[in-house]
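Trainee: Could we go through some local features of this model together, with the reasoning spelled out at each step?

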Amino acid sequence: MLVVMQRLASDDQVQQVIRKIQELGLTPHPLPGPTRTAIGITGNTGAIDPANLDGLPGVMELIRVTKPYKLASREMHPDDSIVRTAQTSFGPGAFPIIAGPCSVENEEMLLRTAEFLVSRGIPLLRGGAFKPRTSPYSFQGLEHEGLRILRKAREATGIGIVTEVMDASQVDDVAEAADIVQIGARNMQNFSLLKRVSLCRKPVLLKRGLSATLEELLMSAEYVLAGGNRQVILCERGVRTFADHSRNTLDLSVIPPAKELSHLPIIVDPSHGTGRRGFVPPMARAALAAGADGLIVEVHPDPDRAMSDGAQTLNFQQFDQLLDSLRQLAAPLGRQLNPRPAT
Ligand code: PEP
Ligand code: MN
């Protein structure tokens, strides 16, 4: 349920509605907009008698939200959300790029990568310190030492950090090192982790699970929003299908329905989506054309020696070529690559 306030409703009137919702045993979510405030309601809204609310001063209308994900739905929040970091923002007209290695391997390679990316105007560096690997014998990440290196890269270059959190016990340390906290595909439905990151103040990059539907992805986003963290970015990273020509099937067809159903930005990961570096540039361009709100791409100074995911990782020269081609496409599509933060 959504309570839409009149354009000139006073703060007192908004507070009165909020108190009434609390008295009914439900949770109010104030959603201030450019012209009017709306108040989302979650809880057992089926039992609400509309007369309890629509007679209150300043209330314009009540809208029943039909989708099971309430705060993530466009019904509740018709305008596109903008997710901001200190370096850039994700939202209408913008196309920020997150780039960097699969894993943080050592200080030298991470700093080299950060300096290269900053020289190309890239606002955000990716790199896993805690790595979810299929095999327990594969490189598991540098863990806390990896976070230290990420912090150093940010201090040295000003680039923002995107890094994964795998466990609720790591959230404080990861959030301190990160500008965006990543929830990996394998943890998309780790509900206790989602509840824990909903309490942190950093934006959350939520990757689609390997076999998750769009509705399941939006329900997972709902966990983060419902806990009070409004800064959620969705990410399509490929799903499991019968196809054996690529690591996953990058489902770019999820972008238009995601944008129809939700106000949250959605970015694309063509690296995990394809598994092969030669397939990354065409799918990155396709993502821009399909309406994605940004990219996350694996880049490494020497991908053939990378400790994880080298086969899908671009070297600096290949990344430069991709960037050139995206620049040419962005303007006619009305998008700005790597914008400065919106005010
Ligand atoms: C990653 O981006 O580092 C990663 C592990 O991706 P995913 O969770 O999509 O497999
Ligand atoms: Mn990877």
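Trainee: In this predicted model, which residue has its backbone oxygen 2.7 Å from a polar atom of the side chain of Ser246?
Mentor: Ser246 sits in the loop between β13 (232–236) and α8 (255–261). Its relative accessible area is 15%, and because buried means under 20%, Ser246 counts as buried. The backbone oxygen that lies 2.7 Å from a polar atom of the Ser246 side chain is that of Asn248.

Trainee: How are the axes of α10 and α11 oriented relative to each other, roughly parallel or roughly antiparallel?
Mentor: The axes of α10 (residues 280–290) and α11 (residues 316–330) come within 10 Å and cross at roughly 20°. Because angles under 35 degrees count as roughly parallel, the orientation of α10 to α11 is roughly parallel.

Trainee: And by class, how many nonpolar residues does the contact of α10 with α11 have?
Mentor: On the α10 side the contact is made by Pro281, Ala284, Arg285 and Leu288, and on the α11 side by Leu322, Ser325, Leu326, Leu329 and Ala330. Sorted by class, one residue is charged and one is polar, while the number of nonpolar residues is seven.

Trainee: Is Asn338, which has a positive phi of about 50°, buried or exposed?
Mentor: Most residues other than glycine have a negative phi, whereas Asn338 has a positive one although it is not a glycine. Asn338 lies in the segment after β16 (336–337). With a relative accessible area of 14%, and because the limit for this class is under 20%, Asn338 is buried.

Note on methods:
Residues numbered from 1 in each chain as written. Chains lettered and ligands numbered in written order. Predicted model: local features only at pLDDT ≥ 70, side-chain atom pairs only at ≥ 80, totals over all residues. Heavy atoms only, no water. Helix = DSSP H or I, 4+ residues; strand = E, 2+ residues; numbered from the N terminus. Buried < 20%, exposed > 50% of the residue type's maximum accessible area, 1.4 Å probe, protein only. Polar contact = N/O pair within 3.5 Å; in protein donor to acceptor, adjacent residues only side chain to side chain. Axes fitted to C-alpha atoms, helices over the stretch in contact; angles between N-to-C directions. Parallel < 35°, antiparallel > 145°, perpendicular 65-115°, else oblique. Contact = heavy atoms within 4.5 Å. Nonpolar A, V, L, I, M, F, W, Y, C, P; charged D, E, K, R; others polar.
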